[in-house]
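Work through the exercises below with the model open in your viewer. Try each task before reading its solution.

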Amino acid sequence: MREYYEALWQRLPEQLTPPDFELRRGFLLEEVRSGDRALDLGCGVGDVTSSLADAGAQPVGVDVAEAALARARSRHPELDFRLTPIDGPLAFEDNVFDLVWASEVIEHVADTGCWLSEVRRVLAPGGRLALTTPAHGRVRVALGGIERYSEPLGDHLHLYTRRSLRGVLEEFGFGELSVRAAGGPPLLRRLLLARAVR
């Protein structure tokens, strides 16, 4: 799977504007506090990692693709970017981060349980998880068809609704949960924004 992401990042154009980037970044910046030790999990080119630093956090960006990290290091040489295994433990001690940001990541993870356990492990007690993932409510899926959102050769392994995302976060012991839909008209929102506390 790592080869897939390396090839993907090598094909992507240098100037890339991810969907709903400003909406997602705005959601994150509502959560960040000055001095936070922050992990940008799935950092890509590092632009959000840079936003975390600008907001007064001490960020570390990690990604599964060295090709993405090469771009991040080139764009933001002053920041800390690291390679992480796609299916292994995060290379950090327990209780290291006050904030973990994972935007458009959870839907790509094969073993969600292992991944969430690692996220929880590296969060300090009272630490916050902020994540985004595509929304797949009934109306949206009925109108678009399941194939539109889960292509057989695509990299989206899981589809989430507000209820299913809330349920999986509760299952792994996260509290003070908030999951809301955003982006687009009511009943057709394209994005889930979730906040949880360890």
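The model is predicted.

**Exercise 1. Take stock of the chain.**
Task: How many helices and strands does the protein chain have, and what share of its residues is buried?

Solution.
- Step 1. Count the elements: the chain has eight helices and seven strands.
- Step 2. Apply the burial cut-off, under 20% relative accessible area. Of 198 residues, 47% count as buried.
- Step 3. Turn to the surface. The accessible area is about 9800 Å², and carbon and sulfur atoms account for 53% of it.
- Step 4. Check contact range. Take contacts between residues at least 6 apart in sequence: 66% of them join residues at least 24 apart.

**Exercise 2. Order the sheet.**
Task: In what order do the seven strands lie, and which are the edge strands?

Solution.
- Step 1. Trace the open sheet across: β3-β2-β1-β4-β5-β7-β6. The pairing is mixed.
- Step 2. Find the strands that pair on one side only. These are β3 (80-83) and β6 (175-182), the edge strands.
- Step 3. Get the twist. Neighbouring strands are turned by 15° against each other on average, direction ignored.
- Step 4. Zoom in on one pair. β5 (residues 123-134) and β7 (residues 191-197) run antiparallel over seven bridges. One check: T132 has L193 in β7 as its bridge partner.

**Exercise 3. Place two helices.**
Task: Which strands do α3 and α4 touch or lie across, and at what angles do they run?

Solution.
- Step 1. Start with α3 (residues 47-54). It lies across β1 (37-41), β2 (58-63), β3 and β4 (97-103).
- Step 2. Read the angle: α3 runs at about 170° to β2.
- Step 3. Move to α4 (residues 66-75). It packs on the sheet and touches β2 and β3. Its direction makes about 170° with that of β3.

**Exercise 4. Dissect the nonpolar cores.**
Task: Which residues have the most contacts inside the largest nonpolar core, and which element gives the most to this core?

Solution.
- Step 1. Size the core: 30 residues. L39, L165 and L169 have the most contacts inside it.
- Step 2. List the elements that give two or more residues: β1, β2, β4, α5 (112-122), β5, α8 (162-171), β6 and β7.
- Step 3. Pick the top contributor. α5 gives the most, with four residues.
- Step 4. Look for another core. A second, separate one has 14 residues, including F21, F27, A38 and A182.
- Step 5. Return to L39. Leaving out residues up to four places away in sequence, L39 touches V60, V62, L90, F92, F97, L99, V100, W101 and V122.

Note on methods: Residues numbered from 1 in each chain as written. Predicted model: local features only at pLDDT ≥ 70, side-chain atom pairs only at ≥ 80, totals over all residues. Heavy atoms only, no water. Pairing = 2+ DSSP bridges. Axes fitted to C-alpha atoms, helices over the stretch in contact; angles between N-to-C directions. Contact = heavy atoms within 4.5 Å. Buried < 20%, exposed > 50% of the residue type's maximum accessible area, 1.4 Å probe, protein only. Areas by Shrake-Rupley, 256 points an atom, 1.4 Å probe, with all protein chains shown as cover. Core = buried A, V, L, I, M, F, W, Y, C linked by side-chain atoms within 4.5 Å.
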